[in-house]
Amino acid sequence: MTVDALHQVLSDFNEADAFFDHLADDVVLEFPYGPTLGLPARVEGKPAVRAHLSAVRAGGLRIGAPAVERITEGRYLAEYTGTYRAADGTVADVPLIAVIDIDGIAITRIREYWDTLLLAKLNADA
């Protein structure tokens, strides 16, 4: 996969199920700071990842302005903005960084880091 192709994959996140076509069956999502917000630290397998990300997207998450760099063969760094919508309609743009591993054709792992303090405040104010 090229940097341009991964850029398109990340842009597909906002487009129905197109994003999930790029995931390996055994894909793993890791959110090292997720537990600080009561979220899972790890989600494993395409069905579980689809369910988790579909719920997050249905809750109002959109990602934008992805910038992608190749770190090594099969590993990329992506920076983008997550626009979150709280239950009361409040919106916050949160910077995100992800390390993405690809086996050549499909994403096998995404380790994503976000500003948990900003998200906690957004949810507390809602």
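In the predicted model, the largest nonpolar core (buried Ala, Val, Leu, Ile, Met, Phe, Trp, Tyr and Cys residues joined through side-chain atoms within 4.5 Å; buried meaning under 20% relative accessible area with a 1.4 Å probe, protein chains only) comprises 32 residues, and those with the most contacts inside it are Leu6, Phe19, Tyr84, Ile100 and Ile107. Two or more residues each are contributed by α1 (3-12), β1 (23-30), α2 (46-58), β3 (62-72), β4 (75-85), β5 (91-102), β6 (107-114) and α3 (116-125), where helices (H or I, at least four residues) and strands (E, at least two) are DSSP runs numbered from the N terminus. β5 gives the most to this core, with six residues.

Six strands form an open sheet of mixed pairing in the order β2-β1-β6-β5-β4-β3, two strands being paired if DSSP finds at least two bridges between them. Because β2 (42-44) and β3 stand at the edges with a single partner strand each, one side of each is left without a neighbour in the sheet. β3 and β4 pair in the antiparallel sense over eight bridges, and Arg62 stands opposite Thr83 in β4.

α1 packs on the sheet, touching β3, β4, β5 and β6 (contact: heavy atoms within 4.5 Å), and its direction makes about 155° with that of β3; axes are lines fitted to C-alpha atoms, for helices over the stretch in contact, with angles from 0 to 180 degrees between N-to-C directions. α2 also packs on the sheet, touching β1, β2 and β3, with its direction at about 55° to that of β1.

Residues are numbered from 1 along each chain as its sequence is written, and side-chain values use heavy atoms, with hydrogens and water left out. Local features need pLDDT of at least 70 and side-chain atom pairs count only at pLDDT 80 or more, whereas totals for chains, interfaces and linings use all residues.

Note on methods
Buried < 20%, exposed > 50% of the residue type's maximum accessible area, 1.4 Å probe, protein only.
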